[in-house]
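Please work through the exercises below with the sequence and the 3D structure open beside you. Try each task before you read its solution.

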Amino acid sequence: MMDLDKIERDLMREVSGVTGIPEGAYNFRVNGKSIGRQSSEKINIVPKTEKSGIDIYIADNTHQEIVHIPVIISASGLKEAVYNDFYVGDNCEVTIVAGCGIYNCGTDDSIHDGIHVFHVGKNSKVYYIEKHCGIGPGAGKILNPTTKVDLGENSYAEMLLEQIKGVDSTRRMTEADLAKNAHLVVKERLFTHGKQSAESEIVARLNGQDSSADIVSRAVAQDFSAQNFRSHIIGAAKCRGHSECDAIIMDKARVNAEPALEALNVDAELIHEAAIGKIANEQLTKLMTLGLSRRQAEAQIINGFLK
Amino acid sequence: MLQVKGVSFKGILKGISFDVRPGELVVITGPNGSGKSTLAKIIAGVEKSDAGEIIFKDEDIVKKDCTERARMGLAFSFQQPVRFKGLTVRDLLKIAASGSEAFLDNEMKEVDGYLKKVGLEPALYLDREVNASLSGGELKRIEIASVLARDAVLSIFDEPEAGIDIWSFDNLVKMFKDMRKKNPKRAIVIISHQERIMKIADRIILLENGEISAHGTPEQMMARIGGGLK
């Protein structure tokens, strides 16, 4: 597919599910360049001129379309900051599959800073899937995603943000502003191992009446890795906000979670929960009584937890 | 197939000895606090005894952990079902049905039948997460289904009736009868307070204060237990 070598093809599939030319609009970025781009009738992808990245214009009333915009880095030492802006019209229902995979077998760090800004029109629904992973025996694979969402009236965004493995360090920033009756669901899944570090900050400003945000972070920290979570929900109107950070800590890892709530309105209903703990012994025991070894049981529990 | 010899545990169990033969359904009963649950957990490998031998299939399994015992064909149904985060009913039953070798080979078997046996409609439950979103009764039935899926040589059920409310109790009794009929060479041990379960047993063992105070057939034992146990 498109002159990619096997490693690049495997990475592409891992982070975006893409194995050939997908239907609908797409932009494939490999080693700093777009190697394939296609707009559709209602989704127009325009490269930016003053900086790296693309503008994606989704016309009003676009329904059931998927845009694929995966990024692969296989050249060691490549560092890039890519800015993608999504302008989603009114009354749309679209899915955006992003994702970035880094393969590094060299001695210099490879870094991808992805800044995605969404402007979501009235009554629209956006499903956003972003998977990150790093492979290769070489130096750093660093992925720093920034995701900003501006949700218009009556709109809905569901974001699945996954870091599955191999990312040496990440600073993740997710920010949302919600207008009247807008709803946001964020599912973050983070897995760190070795000596990796991950920092994640999520800020949701519930500005409009009857807006709501449900933010759930599930993380597993193994070996000597370190994770830091900060979430901040600000309820500036009659609204509902829920922030949950659930982490499994193993071996000699460190996890720090700081959920914060700020209510600026008497009708703001805000809840935060944070729980950090090792894998529950009883869960391990139950799976072991089903014939799994302790290791296998751990793997099953972690897989289920991060699904 | 199972010989428990002189098993003791911290003063809760004092020198327990009994046998279970192939094809038998043995019920262990007794007042609360008599050590029944502890005994079941010790046989399953979930707890470690202080003294004694446990011979299963001609091997002393005292030093074997619960994984090894499970792989030898011993299955255990917890009194309090375990809740997970993210594992679905399908996941749990597939793990149970596959056994460790098949799991490593990534072979999976169909699991719908086990849910039907415990009175749950597969389409409604397979994709549910095994967590607090399920009622106590549903979790208990899924727990029992996970043991049925093991198709074990020796199945131990710790108070299977606890939490069963919606599903009629008769179905639970029928399920045990069917288990026996299907596999006449296997054995079942049930920790129970329920008269209707005791009535289908081949033998009943009465545990009181950590010791076996009596044992015999249901006819012999019912007279002794009388109205003392429901």
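What follows is a set of five exercises, each with a solution in steps.

This is a predicted model, in which local features need pLDDT of at least 70 and side-chain atom pairs count only at pLDDT 80 or more, while totals for chains, interfaces and linings use all residues. Residues are numbered from 1 along each chain as its sequence is written, and chains are lettered from A and ligands numbered from 1 in the order in which they are written.

**Exercise 1. The six-stranded sheet of chain B**

Task: Find the order of the six strands in the open sheet of chain B, and say which strands stand at the edges.

Solution. Begin with the vocabulary: strands (E, at least two residues) and helices (H or I, at least four) are DSSP runs, numbered from the N terminus, and two strands pair if DSSP finds at least two bridges between them. Following the pairs across chain B gives the order β6-β7-β8-β3-β9-β10, with mixed pairing. The edges are β6 (74-77) and β10 (211-216) of chain B, each of which has a single partner strand, so one side of each is left without a neighbour in the sheet. Next, consider two of the pairs: β7 (residues 154-158) of chain B runs parallel to β8 (residues 187-191) of chain B and is joined to it by five bridges, with B:D158 opposite B:I191. On β8(B) there is also a parallel pairing with β3 (residues 25-29) of chain B, made by four bridges, in which B:V27 has B:I190 as its partner.

**Exercise 2. The surroundings of strand β8(B)**

Task: Decide whether the residues of β8(B) are buried or exposed, and examine both faces of the strand.

Solution. A residue is buried if 20 or more other C-beta atoms lie within 10 Å of its own, exposed if 12 or fewer, and partly exposed in between, with C-beta atoms placed from the backbone. Five of the five residues of β8(B) are buried, so this strand is largely enclosed by the rest of the structure. In a regular strand the side chains alternate between the two faces of the sheet. Accordingly, look at each face in turn: B:A187, B:V189 and B:I191 lie on one side, B:I188 and B:I190 lie on the other, and all are buried. Now take B:V189, which is among the residues with the most contacts inside the largest nonpolar core, a core of 90 residues. Such a core is a set of buried Ala, Val, Leu, Ile, Met, Phe, Trp, Tyr and Cys residues joined through C-beta atoms within 7 Å. Leaving aside residues up to four places away in sequence, B:V189 touches B:V20, B:V26, B:I28, B:L154 and B:I156, where contact requires C-beta atoms, placed from the backbone, within 7 Å.

**Exercise 3. The four-stranded sheet of chain B**

Task: Give the strand order of the antiparallel open sheet of four strands in chain B, and find its edge strands.

Solution. The order is β2-β1-β4-β5 of chain B, and β2 (13-20) and β5 (59-60) are the edge strands, each pairing on one side only. Two bridges join β4 (residues 51-56) of chain B to β5(B) in antiparallel fashion, and B:F56 has B:E59 as its bridge partner there.

**Exercise 4. A buried residue in chain A**

Task: Locate A:V186 and describe what lies around this residue.

Solution. A:V186 belongs to strand β15 (residues 183-192) of chain A. This residue is buried, with 23 other C-beta atoms within 10 Å. Not counting residues up to four places away in sequence, A:V186 touches A:M159, A:L161, A:T174, A:I202 and A:I215. Finally, compare positions: A:V186 and A:S217 are 31 residues apart along the chain, yet their C-alpha atoms are separated by 8.0 Å.

**Exercise 5. Where the chains meet**

Task: How many residues of chain B are in contact with chain A, and which helix of chain B gives the most to that side?

Solution. Counting contacts shows that 21 residues of chain B meet 16 residues of chain A. On the chain B side, α2 (66-72) and α3 (89-104) are the elements that give two or more residues, and α3(B) gives the most, with six residues. By class, that side has twelve nonpolar, five polar and four charged residues, where Ala, Val, Leu, Ile, Met, Phe, Trp, Tyr, Cys and Pro count as nonpolar, Asp, Glu, Lys and Arg as charged, and the others, Gly among them, as polar.

Definitions and conventions:
Contact = placed C-beta atoms within 7 Å.
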